[in-house]
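Good morning, and thank you for the time on the agenda. I should like to take you through one structure, beginning with its aromatic residues and ending with its sheet.

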Amino acid sequence: MKIVGLDVFSYEVGYAHGTYVMSGDRSAQTEDGTVVRVRTDAGIDGWGEITTLGKVYLPTFPDGIRTALKDLGRALIGTDPTNVLKVNRIMNATLMGQEFAKSPIDIACWDIRGKALNLPVSALLGGVINERFPIYEAVPLATPQEMGDFIRARRAEGINRFQLKVGNDPFDDIARARASVEAGDARTIIVADSNGGWSLAAAKLAVQGMAGLPLYVEQPCRSTADCILAHRGSSLPLVLDESIINQDEVFRAKYEANAVSINLKFGKLGGLTNLVRARDLLQDLNMAVSVEDMWGGDIITAATSHVAATTRPESLLMTPFFNDWTDGHLADYSPRSSNGHGSAPAGPGLGIEVNVGKLGEPLFSVS
């Protein structure tokens, strides 16, 4: 089997709850999503997605991703897409870094491989061991009352894991955390996520003020070094995300920062291949795992579900179904969560059928 073409589409991905607000006045109602279709000479198409969360969350943006996809697509023509290791070698030999552009291609090749073998991606990863896993939802930064109300409303729908958006004034964030904890119960999991928004001084105040609350704190500062200083002396479990970009940082997270979990993103790591490798390393290090991406709809939700389903239940801390958060229903809202839980599709590849009619014409094609 050979790759004969690559099509790149744009689609609007709206937030289902109005306006999504993070630290530093970063907010979004819609995002510009990028969908990639990899075409083969066997008539099997594979699908991947990369949707950024604005242009100042991580060092990437849609136009940059799409420009990189042109080079990557040209380099992969004639390559066997089922040989995902070779696909990744070719992409790495074509562009240094640019993991956000490599991610949707890698996911699409896993989709093709599964379809060619008539197996779901989860089976290719070793098999499902987490048949029904709890999912989380992010709580947009708002007043303490509004954030508590959001949690109560989503708990009524079965969600009981939450990522609080904090990272502005530390005293306000302490109040947000307390109100959110009060809106839950003894089994509610809450992660207070600054997205690197606090200064070192503000992070120290916020972490100290949240002492004793049953929650995790995530990425208090931009750099791992400042997160280590901000968390020093705290008994709150620490999660790291944006500053962890390679294997060396994983070991630093555990042994220097005393982090208990790392949030893994497809785009940041270059796709499913590297994400699963990182997931397995974290499990071997007895750390908790969070699996997700920046944003997206049905396609990235399907990819996430296959990784979550093959993760040890005791290791999986947080994973979302982004298609519950957004209106990115290119596969007719599949896979779909139920009562706060998700599962991986059982069909071949990603296990979803993309409705091409919802995408319109490609932005460009490479062949």
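Let me begin with a question: are Phe322 and Trp325 buried or exposed? Before I answer, please note that this is a predicted model. In that model, both Phe322 and Trp325 are buried. The two residues belong to helix H13, which spans residues 322–325, and they are three residues apart, about one turn of the helix. Their rings form an aromatic pair of the edge-to-face kind. The centres are 4.9 Å apart and the planes meet at 80°, and planes over 60 degrees apart count as edge-to-face.

The count of aromatic pairs comes to 10. Another of them joins Tyr15 and Trp295, where the ring centres are 5.7 Å apart and the planes are at 45°, so this pair is tilted. Here the partners come from distant parts of the chain, 280 residues apart. Tyr15 lies in the loop between strand E1 (3–14) and strand E2 (20–21), while Trp295 lies in the loop between E13 and helix H12 (298–309).

How accessible are these two residues? Tyr15 has a relative accessible area of 7% and is therefore buried, the criterion being under 20%. Trp295, at 1% relative accessibility, also counts as buried.

These residues come together in one aromatic cluster, formed by Tyr15, Tyr20, Tyr136, Trp295, Phe322 and Trp325.

Aromatic rings also appear beneath charged groups in this model. The charged end of Lys70 sits over the ring of Phe364, 5.0 Å from the ring centre. Similarly, Arg113 lies over the face of Trp110, with a distance of 5.4 Å to the ring centre.

I turn now to the sheet. Eight strands make up an open sheet with parallel pairing, and their order is E7-E8-E9-E10-E11-E12-E13-E14. Which strands stand at the edges? They are strand E7 (137–139) and strand E14 (316–318); each has a single partner strand, so one side of each is left without a neighbour in the sheet. From one strand to the next, the twist averages 30°.

Within this sheet, strand E12 (residues 259–265) and strand E13 (residues 288–292) run parallel and are joined by five bridges. Lys265 stands opposite Glu292 in E13. Strand E13 also brings us back to the aromatic cluster: the loop between E13 and helix H12 holds Trp295, one of the cluster's members.

That concludes my presentation, and I welcome your questions.

Technical notes
Residues are numbered from 1 along each chain as its sequence is written. This is a predicted model: local features need pLDDT of at least 70, side-chain atom pairs count only at pLDDT 80 or more; totals for chains, interfaces and linings use all residues. Side-chain values use heavy atoms; hydrogens and water are left out. Two strands pair if DSSP finds at least two bridges between them. Helices (H or I, at least four residues) and strands (E, at least two) are DSSP runs, numbered from the N terminus. Axes are lines fitted to C-alpha atoms, for helices over the stretch in contact, and angles run from 0 to 180 degrees between N-to-C directions. Rings of Phe, Tyr and Trp (its six-membered ring) pair if their centres lie within 6.5 Å; planes under 30 degrees apart count as stacked, over 60 as edge-to-face and the rest as tilted. Buried means under 20% relative accessible area, exposed over 50%, partly exposed in between (1.4 Å probe, protein chains only). A charge sits over a ring if NZ of Lys or CZ of Arg is within 6 Å of the ring centre and within 35 degrees of the ring normal.
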